[in-house]
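This report describes one protein model, from two loop residues to the whole chain. Please look over the sequence and the structure before reading on.

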Amino acid sequence: MNTESKWKNGIFSDKQNLIEDVSKVYKGGLYNDISFILADNVCVSTNKLMLACRIPYFATILFGDFAQKSSDSEPVSLLCCTSDIFMSILDFVWEGEVLFSKMSFLSILDLLETSRFLCIDLLVEGIVDYLKHLFESKKVDFKDCLFALDFTMSHKFTTVSNFILRYVDQDLSKICCIPEFKTLSDFSMMALLNMKAEGKISTAIVMFQAFVKWLENKDELPENKRREMVTLFKLEHFSNHDLMGTVRQSNLFSDKEMNTILGDRLFELEENVDTDKALLQSKRKTIEEQENQIEDQKPFHVGLTLHQSNQHVLTFRTVWKMNVDRFINCVEFVLDNSTYSHSCSYNLKSSLNEIHWNNIIDSIVTLNTGKTTVYFPRRRMKFLALEMGISRGVVKQVFAVML
């Protein structure tokens, strides 16, 4: 015993010694005043007061108004659990802890049911949390998983059943292949089929394939139960390939049902084909229009003819004409200035009607002789005027280019 005096803020505490002393009494089997015969016919002794303090069920049957009248030497029958489960209950009563990690998976399920029977809510919550951790961390094998599903469904542990169902759904294509899957109870299979679509992982065909495997050798299953399960599958949720294969081969749906859904699919397919044809024609027309636009937008040269020329004192003006107005963004012309060594200047103007002129290029000075190319923003024109700064340059050819 720890004899060191411990006090703080005027309070003396000896809780640790209390826990240690109670544990010594438990492990030493001291002061036992009641014995129980458990389901496996094993007799276990303990202390009434500790049971009553920690478990409301025992407070009622041992000290309540309806307390059982029996001699202290006569064992009390307690058939709700076996001796190993009852010892885990006593661990909780005397030491306040239960080593789940030391227990088998099936023993944990038995402890869950016993704890609920004895109204130990705190222990029930702890077991549920531990089971949830095991399933979420995938530490439960498929065989134990199916057993746990049947167990929790039959004992109505809804919270536990729900997260086990989610676990099964995640790996249904694998779980349905083990032999134990075929022995799953009908109410567990019904729960699996009734899972809500939200958050469901298994596809309709995976669920159906699992159901077909489960149905094997289920001749004793009532026909009304079989039909109830089958009607949970909606044919419209299957692909055409699945309908013609797995679903039809199962013989779980009548010819009328299969013909109806396949007829609807065929009608829908024909409508889609017609729609696709119309869409294809529309796209083909659009492509043709775009190709024409691209063709129109390809660079091509348009020859201009000399329309008129005017000699002024300081300038020489020539006007060139296209047969129709076009959008132009480049002009090429051949300048013959070889006779003179000095430079000359020119500017370009455009017009649609020879009345209103717009400047394209102003006062370009050049020493070039030969082909000259001028680029400018795209504009519509029919007439092009070139004004030379002096009369010594001669323009021989002019081409308008649309890029």
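E354 sits in the loop that runs between β9 (344-351) and β10 (357-366). Helices (H or I, at least four residues) and strands (E, at least two) are DSSP runs, numbered from the N terminus. The model is predicted, so local features need pLDDT of at least 70 and side-chain atom pairs count only at pLDDT 80 or more, while totals for chains, interfaces and linings use all residues. Residues are numbered from 1 along each chain as its sequence is written, and side-chain values use heavy atoms, with hydrogens and water left out.

**Two loop residues**

The phi angle of E354 is near 70°, a positive value in a residue other than glycine. N41 also has a positive phi, near 65°, and is not glycine. The loop that holds N41 lies between β3 (34-37) and β4 (43-46). N41 counts as exposed because its relative accessibility is 62%, whereas E354, with a relative accessible area of 29%, is partly exposed. Here buried means under 20% relative accessible area, exposed over 50%, and partly exposed in between (1.4 Å probe, protein chains only).

**Three threonines**

The table lists three threonines with the helix and accessibility of each.

| Residue | Helix | Relative accessibility |
|---|---|---|
| T152 | α7 (residues 142-154) | 0%, buried |
| T260 | α14 (residues 255-297) | 44%, partly exposed |
| T286 | α14 | 35%, partly exposed |

A polar atom of the T152 side chain lies 3.2 Å from the backbone oxygen of L149. For T286, a side-chain polar atom is 2.9 Å from the backbone oxygen of S282. Beyond its neighbours within four places in sequence, T152 is in contact with F157, V160, S161 and I164; contact means heavy atoms within 4.5 Å. T260 and L235 are 25 residues apart along the chain, and their C-alpha atoms are separated by 9.9 Å.

**Helix α10**

Helix α10 (residues 186-193) is largely enclosed by the rest of the structure, because six of its eight residues are buried. These are S188, M189, M190, A191, L192 and L193. The cover over them includes α7, α8 (158-170), α9 (172-175), α11 (204-215) and α12 (223-230). Helix α7 is also the helix in which T152 is found.

**The largest pocket**

Rolling a probe the size of a water molecule over the atoms shows where empty space is left. On a 1 Å grid over the protein atoms alone, a pocket is an open set of points where a 1.4 Å probe fits, with protein on both sides within 12 Å along at least five of seven lines; lining residues have an atom within 4 Å of a point. The largest pocket holds about 280 Å³ of space. Its lining consists of 14 residues, and K200, A204, L232, F233 and H237 lie nearest the centre. Sorted by class, the lining has eight nonpolar, three polar and three charged residues.

**The whole protein**

The protein has 14 helices and twelve strands. Of its 403 residues, 38% are buried. Among contacts between residues at least 6 apart in sequence, 67% join residues at least 24 apart. The accessible surface comes to about 24300 Å², with 53% belonging to carbon and sulfur atoms; accessible areas come from the Shrake-Rupley method with a 1.4 Å probe.

Methods: A polar contact is a pair of N or O atoms within 3.5 Å; within protein, one must be able to donate a hydrogen and the other to accept it, and residues adjacent in sequence count only if both atoms are side-chain atoms. Grid points are joined across faces, edges and corners, and a volume is the space filled by probe spheres set on the points. Ala, Val, Leu, Ile, Met, Phe, Trp, Tyr, Cys and Pro count as nonpolar, Asp, Glu, Lys and Arg as charged, and the others, Gly among them, as polar.
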